[in-house]
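Colleague: Could you walk me through this model, one question at a time?

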Amino acid sequence: MNDSTYDIAVIGGGLVGSAVAWGLVRGGARVVVLDEGDDAFRASRGNFGLVWVQGKGDGMADYAAWTRRSAEIWPDLAATLASEEGVDVGLRQPGGIESFLTDADRDAAELEIKRMHNQGLPGRPGDGANDTKIITAEEARALEPSLGPEVIGAAFNPHDGHVNPLYLLRGLHAGLQRLGVDYRPGHAVVRVGRDGGGYRVVTSKGDVLAHKVVLAAGLGNIPLAPTLGLNVPTRPDRGQILVTERLAPMIGYAYVNFRQTEEGTVMIGASSAQAGFDTSLDIDTSARLAARARRIFPALAKARIVRTWSALRIMSPDGFPIYAESETHPGVFVVTCHSGVTLAAVHALELAPEILAGRLSERLAAFSPKRFEMVEA
């Protein structure tokens, strides 16, 4: 280790890696971000942009609490990016609606709310279901008059919202540049190994030395993690999105499958497919998304689709984040999840300081990959 050694090397320049790096440099660390580049399977550029609370953590109360915490401090992150970086990320938190077209949809949501209520939220006695409640069709249409007659009810959560994910990435990267982070695009990481008291990160464009390393490369963590004593069993999950032409304001709330941007376009999603690393479009899926959208918002029947794409989520076996420090390689951390937007606030403002301090707190113990070993046992 020498003067050219960084305090921390963050592998991955997407929303997760950028949020963590932003928090690290604000804490005084000397940081380098190694970003594979546009050849990577970037979840960030295909993101829907939701800050979504309802339903998050069914089966893991700690994740419900972590998600709720992030939604609460998201205004702090947005305000800081606006004041310090001059980037308005478009945060809006009017509440979120999940519309029901069938009795089965409503019954499933009611059961989910009951389960989450019984699980509770750690540190929040009596606050069990993230404030999600079932509302009638009439109540839903009173909130959102554009909802169609086939909507028979909905689940509503007051903490849900959305941002522009590309503006968020831009704001974080503007901060990295202003604060002196060494951002290196096109630096695909080949391997990480010990070097004295720290680590040597071998990239496609040369080596980097760092005292600590954060694996935040999404699906790129898959080949790296096992070599560093970390169990990170993630897989790609393909989702597709449709985008309409610009329309007059018609959707005022956040939806799990819809989001009207400030520019007026309506984003329609979201599908899920086990297709490996294939990011090609499936026309039948696009047709199903469009058909359901017309039933929920009949006005969309006349809208033209101007863009469509598919992207890969980073999914763990249970769908929850994985945070851990390697037991065999102290100072090497992994941060991975499929909720890079929702969790950006806690990643930047609360997780990063813990990594900088060199130890993850007990409140993050539930996110350890050891939980998968217990399931296997």
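The questions below go from a strand to the cavities, a pocket and the aromatic rings.

Modeller: Before we start, this is a predicted model, so local features need pLDDT of at least 70, side-chain atom pairs count only at pLDDT 80 or more, and totals for chains, interfaces and linings use all residues. Residues are numbered from 1 along each chain as its sequence is written, and side-chain values use heavy atoms, with hydrogens and water left out.

Colleague: Happy with that. How many residues of strand 4 are buried?

Modeller: Strands here are DSSP runs of E with at least two residues, helices are runs of H or I with at least four, and both are numbered from the N terminus. Buried means under 20% relative accessible area, exposed over 50% and partly exposed in between, with a 1.4 Å probe and protein chains only. Strand 4 covers residues 96-100 and is mostly covered, the buried count being four of its five residues.

Colleague: Which residue of strand 6 is the bridge partner of Phe100?

Modeller: Two strands pair if DSSP finds at least two bridges between them. Strand 4 runs antiparallel to strand 6 (residues 153-157), with five bridges joining them. Within strand 6, the partner of Phe100 is Gly153.

Colleague: And what stands opposite Gly96 in strand 13?

Modeller: Strand 13 (residues 254-255) pairs with strand 4 over two bridges, in the parallel sense. Opposite Gly96 in strand 13 stands Ala254.

Colleague: Now the cavities. Which element gives the largest share of the lining of the second largest cavity?

Modeller: On a 1 Å grid over the protein atoms alone, a cavity is a set of points where a 1.4 Å probe fits but cannot get out, a pocket is an open set with protein on both sides within 12 Å along at least five of seven lines, and lining residues have an atom within 4 Å of a point. Grid points are joined across faces, edges and corners, and a volume is the space filled by probe spheres set on the points. The second largest cavity has about 40 Å³, and both strand 4 and helix 7 (283-296) supply at least two lining residues. The largest share, three residues, comes from strand 4.

Colleague: Between which domains does that cavity lie?

Modeller: Domain bounds come from an automatic or database domain assignment. The lining includes Ile97, Tyr255 and Arg292. Since residues of both domains contribute to the lining, the cavity lies between domain 2 (50-163) and domain 3 (235-315).

Colleague: What about the second largest pocket: which strand supplies the largest share of its lining?

Modeller: This pocket holds about 430 Å³ of space. Its lining has 18 residues, with Ala324, Glu325, Glu327, Ser368 and Lys370 nearest the centre. The largest share, three residues, comes from strand 17.

Colleague: Last, the rings. At what angle do the planes of Tyr63 and Phe320 meet?

Modeller: Rings of Phe, Tyr and Trp (its six-membered ring) pair if their centres lie within 6.5 Å; planes under 30 degrees apart count as stacked, over 60 as edge-to-face and the rest as tilted. The count comes to nine aromatic pairs. Tyr63 and Phe320 form a tilted pair, 5.3 Å centre to centre, with the planes at 55°.

Colleague: Are those two residues buried or exposed?

Modeller: Tyr63 is in helix 2 (residues 61-85) and Phe320 in the loop between strand 16 (305-315) and strand 17, 257 residues apart. Both belong to one aromatic cluster with Trp66, Tyr323 and Phe367. Tyr63 and Phe320 are each buried.
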